[in-house]
Amino acid sequence: MSERPEVGEADATADGTPFRAGFVALCGRPNVGKSTLLNALVGQDLAIATRFPQTTRERMLGVWNDEAFQAVLVDTPGIHRAKSELNRFMVDEALRGAKDVDLVLLLAEAPILVDEEALDNWTPGPGARAALESLIELGRPMVLVLTKCDRLPSRDSLIPVLARWSELHEFAAVIPTSAVEKEGLEAIRDQILAHLPEGEALYDPELLSDRSMRWHAAECVRAELFGKLGDELPYSCAVTIESYRAGRSRDRIGATVHVERKSQKGIVIGAGGRVIKSIGRDARARISELTGRPCDLFLEVRVTENWTKDRKKLESLGYREPS
Ligand SMILES: Nc1nc2c(ncn2[C@@H]2O[C@H](COP(=O)(O)OP(=O)(O)OP(=O)(O)O)[C@@H](O)[C@H]2O)c(=O)[nH]1
Ligand SMILES: [Mg+2]
């Protein structure tokens, strides 16, 4: 979470109840749907979401302005067993994101199980339990959000799943959801409202996220790297923005894609520059979607040897703890 701004006295909402404002972290294992849910709640694609685990690397605050509250939603990286320096940074970042918040939404995928016997024997896996344990240590109220329920043949199959989860922790609520079908979002809203303290909005309601457009532009490029480069290479890629000039009618952005090894550079560029061109074209469209303005995007690929394993190099690429 970021520094909590000073809070003034709350104004009443239209129905006379006091306005509420605070922080809500979205946490859980990689790929469970945290970024997708944040986007669904705020109603805009602020956080990149891909079919690959470990897409999100840094915290991002997305501001959800409801008539009764302002919830500052904290998107976090997935909690997992980290091996590289980059992965350790990501897990630390996730736990920093959940520290001192008013509510933690613990997201977990609803298991797709068809036969009853498998359901009776089902229990959250070791990774999910470890994520839960590390969040319990932070001592914040927690709501369990079961995600991707649209994939289930029947919602009845959730009853034993909800029961197993409830044996592990006293959640304030357990909510089956589908971000894709916008199901369960109202129940999440109710829980957020119940947990936020009374107070004025913490952020300017015009502000969508706490991150600069430069940061979002780099994320847009990363999303396209995930979309266009096989299963492994995106994990070796980082993106830095070298220049961002807002012109009168269009923005002009220069970015570098960092890879870890020389052999990776050729793959990112592709024969005749085909791959990098298509990454650039689609990233540009994503950036324009966010800014509402056309832009030119110039991409360069550079080898920053073994950057995922070296704390100093990570910091130089922007992955650093807040000072
Ligand atoms: N069917 C279905 N798929 C979903 C839903 N929510 C997310 N997904 C998919 O799950 C995948 C992962 O989604 P993300 O939002 O990136 O997950 P995440 O938890 O942020 O992942 P990391 O940032 O990697 O930890 C994407 O392919 C999403 O489209 C849902 O409600 N239903
Ligand atoms: Mg994510």
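I began with S35, where a backbone N or O atom lies 3.0 Å from an oxygen atom of ligand 1; I count as a polar contact a pair of N or O atoms within 3.5 Å, and within protein I also require that one can donate a hydrogen and the other accept it, with residues adjacent in sequence counting only if both atoms are side-chain atoms. This is a predicted model, in which local features need pLDDT of at least 70 and side-chain atom pairs pLDDT 80 or more, while totals for chains, interfaces and linings use all residues. Residues are numbered from 1 along each chain as its sequence is written, chains are lettered from A and ligands numbered from 1 in the order written, and side-chain values use heavy atoms, without hydrogens and water.

I then looked up G33, which has a polar backbone atom 2.9 Å from an oxygen atom of ligand 1. The protein buries 86% of the 650 Å² that ligand 1 exposes when taken alone, areas being Shrake-Rupley values with a 1.4 Å probe.

Next I turned to T56, whose side chain places an N or O atom 2.8 Å from an oxygen atom of ligand 1. I found T56 in the loop between helix 1 (34-42) and strand 2 (60-65), these being DSSP runs of at least four residues (H or I) for helices and at least two (E) for strands, numbered from the N terminus. The side chains of T56 and S35 are joined by a polar contact of 2.9 Å.

Is T56 buried or exposed? I noted T56 as buried because its relative accessibility is 10%, the cut-offs being under 20% for buried and over 50% for exposed, with partly exposed in between (1.4 Å probe, protein chains only).
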